[in-house]
Amino acid sequence: MNTKILFRSLILLLFCVIKTNAQEVLTIENAVKIALENNYEIKIASNNSLVNKANATSGNAGMLPKATATIVDNNGIQNLSQTRSDGTVTKLNNAKSSNLNYGVGLDWTIFDGFKMFAKLDQLKELQKLGEAQLKLTIITKISDVNNTYFDLVQQQQQLAALDTTIVISNQRLNLAQNRFSIGKASKLEVLNAQVDLNTDKVALLRQKELYANTKIVLNQILARDAKTDFIVVDSITVDSQLLLPELTELAEKQNPQLESQIINKRVAELQLKQIKGTRYPTVKLNTGYNFSDSQSGLGFTTQSSARGLNYGFSASLNLFDGFAQNRNEQIAKIQIENSKLEFDQQNQQLYSQLATSYQTYLTNLELIDLEEKNEAIANQNLNITLDKFRIGTITTLEFRTAQLNYVNAKVRYSNAQFQAKLSEIALKELAGTIAL
């Protein structure tokens, strides 16, 4: 590129730097940090995980005794009449009566066919499931942040390419006007240069619109004011060292969707264990200390009270329930089988996604090298074409073609980097390592 174009590009770059000094330079690390702190979906998943953790207790599984304090106080005012066996009649109007009972009681299920132990294990597995779902939400959201962020980076690179082509189009228009003023070019050449310049300006405006809208989308993912202004870094770095066997091994251990299916299978097995526990007797202990006081305005006994300890046990066994036990066990076994099938399905889908994503990743790495070479060739071709255009040895159509080839080469190179980055993000998301 000649000295004048380089000078104008440097001036434009300096202007952009001065203009963006007041803007926030948002790095991908900061974007991820903001998303983890603010994103509503992550907060909801985190709260759900806390609920599962709070539920995973021995008390919620029914392993602890239940103590209850009660008090009952009944009072009455009545007109009473009593006739004794000897015919004597006794009457009393507005007779007051009261009955007060209070005490504490304790009930404890000491055996229920081991259902309480299976229930506790199930609650702990549900806690793990909540943690896996939280991990999935975090990984998915971080993947969204990465995708949108690097989309902005490549759009920013395209804006720079369009800025450059407008500089070139302006220079072409100036050359055409100068050539026209000295009679070496027709008015048509000037008009064509003006039309091409306007076309480039329209493309720049459309790109700016897309860039602004994508910034709003990223702000939404980060759960902050949509009008928050910022700029992103100007380059995309792709990790070119990913290996499929290592990714597969990590995915088998860390993929949250696969982990959820493993937990779901364990939950189904524990559900069957609880259902089978119903075949055993249930034994409960009970004890309590109670106090009672009764007063009556009329009768043989006008006042009585009692206090003391009571204790005992109860046992029950389901002898016949209309074959509901067999039906419930059969359904639970089917659910276990379904959980196995869902695990196998998820496992197969994971391997397939890894294989296809990795192949796309390798292709995109090759495209980066190819498009980088194409950009260098297009740049060299534009420089030669521009020199020839100045001395009038090529047509405006040839110059425009070289100019568009250069811009398209820069855009394709930027897009190749972006697509490779998307492939890298997808692979790390499947492997469960993107959050790290």
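## How α2 meets α4, and how the sheet is built

In this predicted model, helices α2 and α4 are oblique to each other. That label follows because an angle over 145 degrees would count as roughly antiparallel, and the axes of α2 (residues 28-38) and α4 (residues 115-181) cross at roughly 140°. Those two axes come within 10 Å, and α2 passes α4 in a right-handed crossing.

Who does the touching? On the α2 side, Ile-28, Ala-31, Val-32, Ala-35 and Leu-36 take part. They meet Ile-138, Ile-142, Val-145, Asn-146, Tyr-149 and Phe-150 of α4. Sorted by class, this contact has 10 nonpolar residues, one polar and no charged ones.

Now for the sheet. Strands of a sheet pair through backbone hydrogen bonds, either parallel or antiparallel. Here, four strands make an open sheet, ordered β2-β3-β5-β6, with antiparallel pairing. β2 and β6 (303-316) sit at the edges with a single partner strand each, so each has one side without a neighbour in the sheet. From one strand to the next, the twist averages 15°.

Look at β2 and β3 next. Strand β2 (residues 66-83) and strand β3 (residues 89-111) run antiparallel and are joined by 17 bridges. Together they form a hairpin with five residues between them. In the turn, Gly-87 has a positive phi of about 90°.

Two residue pairs show how the strands line up:

| Residue | Opposite it in β3 |
|---|---|
| Leu-80 | Leu-92 (bridge partner) |
| Asn-75 | Ser-98 |

Note on methods
Residues numbered from 1 in each chain as written. Predicted model: local features only at pLDDT ≥ 70, side-chain atom pairs only at ≥ 80, totals over all residues. Heavy atoms only, no water. Pairing = 2+ DSSP bridges. Axes fitted to C-alpha atoms, helices over the stretch in contact; angles between N-to-C directions. Parallel < 35°, antiparallel > 145°, perpendicular 65-115°, else oblique. Left-handed = near helix turned anticlockwise from the far one by under 90°. Contact = heavy atoms within 4.5 Å. Nonpolar A, V, L, I, M, F, W, Y, C, P; charged D, E, K, R; others polar.
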